[in-house]
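Got the viewer open? Here is a short tour, stop by stop, with what to select and what you'll find there.

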Protein chains: 2
Amino acid sequence: MKHNFGAGPCILPSEVFQEASQAIIDFNNSGLSILEISHRSKAFEAVIEETEALVKDLLSVPDGYSVLFLQGGASQQFAMVPMNLLPQNGKAAYLDSGTWASKAYKEAQKFGAIEVVASSKDANYTYVPKEYTIPADAAYFHYTSNNTIYGTELFEAPQSPIPLVCDMSSDILSRKINVADYGLIYAGAQKNMGPAGVTLVIVKNDILGKTGRDIPSIFDYRKHAEAGSMYNTPPVYAIYVSLLNLRWLKAKGGIEEIERENIIKARTLYDEIDRNPLFKGTAKLEDRSRMNVTFVMENAELEKSFLALTEERGLVGLKGHRSVGGFRASIYNALTITSINTLVDLMQEFAEKNA
Amino acid sequence: MKHNFGAGPCILPSEVFQEASQAIIDFNNSGLSILEISHRSKAFEAVIEETEALVKDLLSVPDGYSVLFLQGGASQQFAMVPMNLLPQNGKAAYLDSGTWASKAYKEAQKFGAIEVVASSKDANYTYVPKEYTIPADAAYFHYTSNNTIYGTELFEAPQSPIPLVCDMSSDILSRKINVADYGLIYAGAQKNMGPAGVTLVIVKNDILGKTGRDIPSIFDYRKHAEAGSMYNTPPVYAIYVSLLNLRWLKAKGGIEEIERENIIKARTLYDEIDRNPLFKGTAKLEDRSRMNVTFVMENAELEKSFLALTEERGLVGLKGHRSVGGFRASIYNALTITSINTLVDLMQEFAEKNA
């Protein structure tokens with residue numbers, strides 16, 4: 001058995017894989033593969049409608065918001081957000097809390113003036129900046145709720161005089177959020193929602209259409225909202241697997257239950273990191289992510305052999321990102337406490353051998 | 001058994017579905033699902049490299065071209081093509097041969113001056129315009145090689161003093177083309193290449209970087225080319241299924257063999273349409289598509305009952321697009337001659353009953 005700690009694309013529940021595999025052969029006893037049905041068929045319309053309904057249900061999306069399934073990942077949102085929200089000659093504000101946050105504001109600079117209100121780059125993004133003022137004259141304030149590479153997370157939506165835009169790619173559906181706090185939320189699916197190839201966007205309708213830009217149709221949220229995410233051929237299978245995953249989440253008790261589990265999983269692993277003399281965390285304590293746990297060894301020379309041991313025992317994806325080094329355990333929704341305990345046991349075993 | 005004549009997403013070979021299903025449970029005996037592996041893993045790097053190599057091999061792509069796997073479908077290319085090829089204050093030329101060709105030039109108008117050199121719209125796009133001059137002072141000339149809705153196809157690349165850009169979404173990989181005739185070819189995968197969710201782009205490198213535009217990175221072909229289609233997380237599974245489909249095509253004899261089969265399939269069906277007194281084709285004879293065969297009944301009142309009969313016998317997806325009415329048989333690479341013969345038999349059976 002493998003324990004998949006990969007950062008994304010990443011683990012999904014095994015029940016989801018079973019159903020997802022079956023539908024490739026025969027979707028809903030139709031005699032057809034899910035890969036060969038028309039996106040305009042009643043069968044697929046039912047899929048996309050249920051997927052949208054489950055997102056609204058699980059995240060308690062209020063009226064006045066559109067839930068969209070798009071393509072191109074968070075990187076495409078880095079451009080679509082300013083296209084749709086930043087007026088010609090306008091200004092937007094960004095928080096620089098990591099590599100992806102930084103890419104987001106750099107792309108936005110191609111569309112207008114960008115004010116970076118704060119950055120933790122000088123500290124290699126080991127914390128989330130907290131001391132800053134959001135300018136009231138900007139069109140929106142953009143931040144990244146979970147920094148996948150650096151293992152930091154911002155749990156509270158900042159107080160803001162302007163619409164909040166948040167990249168939740170790596171923590172959406174992992175904990176309760178108040179959608180009404182946001183003007184726009186986006187997330188590449190490939191962490192907690194589904195496989196690579198679909199992007200979730202939740203947008204407050206009344207913030208759209210105010211830029212004065214002639215937006216290409218395919219990048220205009222309004223076109224996608226009007227067409228129920230079927231402006232053009234959607235990524236059928238990625239949406240279907242997301243549906244299976246959302247059903248799994250709903251059946252196990254929804255966001256409340258998964259957040260409870262995620263808190264236990266993260267605490268179990270951080271406790272071992274803090275207790276075990278060989279290891280230490282890299283992120284500032286109060287900003288530690290519940291999704292990506294980054295840690296190194298006190299003696300860096302031991303890292304190679306610990307990594308080899310994890311691989312030997314079927315724990316995959318634990319090598320840290322080159323920007324941080326050491327290890328990164330991505331412990332998304334579908335990763336079980338059993339996998340966490342297996343890693344913790346291995347850390348203890350390794351510490352005994354190397355005491 | 002179903003015979004899938006759907007226009008897209010559409011039939012793929014049953015062998016492909018078998019392997020595609022297995023990989024969801026266990027990819028290459030890795031103990032992991034293809035849906036949960038990292039796009040940066042060696043295993044997926046091998047997938048994307050082989051997919052690219054097979055496209056180059058099957059289409060004899062010459063040196064100096066990049067083969068890219070992107071997201072967003074042909075509709076996204078409608079915007080990306082002018083972003084990357086149309087200089088600020090420049091002009092591009094388009095041929096209007098159908099609904100999608102028309103959408104392409106309307107999106108391009110958001111980026112500069114567009115000259116529509118000819119249109120068959122007045123004749124409900126029943127033919128491909130042939131009398132026109134391509135302006136030498138335009139940046140490129142765009143056309144659609146196969147008009148999925150209207151059942152027309154342009155088999156010869158037009159002589160052009162400027163780079164040709166072609167939307168080959170519905171006939172790529174169905175017949176021999178000379179890539180060197182083109183500056184850029186694009187195609188949504190979901191007809192002959194793979195499932196929905198990935199878009200093929202083949203672009204001549206030396207036509208890029210000449211617009212003076214500050215292109216958002218995610219829409220810049222050069223960024224994707226430099227990164228080997230891994231500028232951001234690619235649609236892993238859609239690429240993998242495309243690979244399986246390309247392997248199938250290669251094993252059966254490549255483009256030469258599939259073109260031979262496609263000619264026989266199309267001829268068999270058009271022969272019956274022309275012979276059978278109840279049916280008639282809608283496209284002009286010399287422009288008839290080998291991929292989408294559009295036809296109506298002499299007595300339109302019979303169409304409902306013929307459609308019902310096809311569905312009763314397991315032939316799906318034959319209802320014509322509302323712009324044309326009647327029937328559309330999409331007979332892509334994976335559709336067998338057996339399915340064609342089944343349809344022809346049914347047309348004959350119906351004609352006898354309604355003689």
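A polar contact here is a pair of N or O atoms within 3.5 Å; within protein, one of the two must be able to donate a hydrogen and the other to accept it. Keep in mind as you click around that this is a predicted model.

**Stop 1: the two domains of chain A.** Select residues 14-251 of chain A and give them one colour: that's domain 1. Now colour 254-353, which is domain 2. Their C-alpha centres sit 27 Å apart.

**Stop 2: where those domains meet.** Show the residues in contact between the two, and you should get 26 from domain 1 of chain A and 23 from domain 2 of chain A. About 2100 Å² is buried between domain 1 and domain 2 of chain A, with carbon and sulfur atoms giving 54% of that. On the domain 1 side, pick A:Ile149, A:Gly151 and A:Ser174: these lose the most area to domain 2 of chain A, and together account for 22% of what the domain 1 side buries.

Next, turn on polar contacts across the interface of domain 1 and domain 2 of chain A; there are 16 residue pairs, both partners at pLDDT 80 or more. Which elements of chain A give two or more residues to the domain 1 side that touches domain 2? Select β7 (152-153) and α6 (236-251) of chain A. The largest share, three residues, comes from α6(A). Colour that side of domain 1 by class and you'll see 10 nonpolar, nine polar and seven charged residues.

One salt bridge crosses the interface of domain 1 and domain 2 of chain A. While you're in chain A, zoom in on A:Lys130 and A:Asp287, whose side chains meet in a salt bridge at 2.8 Å, N to O.

**Stop 3: a record to overlay.** Highlight residues 4-341 of chain A, where an unreviewed UniProt entry places the feature "domain: Aminotransferase class V". Over that stretch, chain A is 33% helix and 17% strand, and the end C-alpha atoms are 13 Å apart.

**Stop 4: chain B against chain A.** Zoom out and select the contact between the chains: 51 residues from chain B and 51 from chain A. The two chains bury about 4000 Å² between them, 61% of it on carbon and sulfur atoms. In chain B, click B:Phe17, B:Leu35 and B:Glu36, which lose the most area to chain A, together 15% of what the chain B side buries.

How many salt bridges cross the interface of chain B and chain A? Zero. Polar contacts across this interface do turn up, in 16 residue pairs. For your last selection, take α1 (14-25), α3 (73-85) and α6 (236-251) of chain B, the elements that give two or more residues to the side touching chain A. α1(B) gives the most, with seven residues. By class, that side of chain B divides into 26 nonpolar, 20 polar and five charged residues.

Definitions and conventions. Residues are numbered from 1 along each chain as its sequence is written. Chains are lettered from A and ligands numbered from 1 in the order in which they are written. This is a predicted model: local features need pLDDT of at least 70, side-chain atom pairs count only at pLDDT 80 or more; totals for chains, interfaces and linings use all residues. Side-chain values use heavy atoms; hydrogens and water are left out. Domain bounds come from an automatic or database domain assignment. Contact means heavy atoms within 4.5 Å. Buried area is the accessible area (1.4 Å probe) that two parts lose on being put together, summed over both. A salt bridge is a side-chain nitrogen of Lys or Arg within 4 Å of a carboxyl oxygen of Asp or Glu. A polar contact is a pair of N or O atoms within 3.5 Å; within protein, one must be able to donate a hydrogen and the other to accept it, and residues adjacent in sequence count only if both atoms are side-chain atoms. Helices (H or I, at least four residues) and strands (E, at least two) are DSSP runs, numbered from the N terminus. Ala, Val, Leu, Ile, Met, Phe, Trp, Tyr, Cys and Pro count as nonpolar, Asp, Glu, Lys and Arg as charged, and the others, Gly among them, as polar. UniProt positions are given in the numbering used here, feature names are shortened, and annotations may be inferred rather than shown by experiment.
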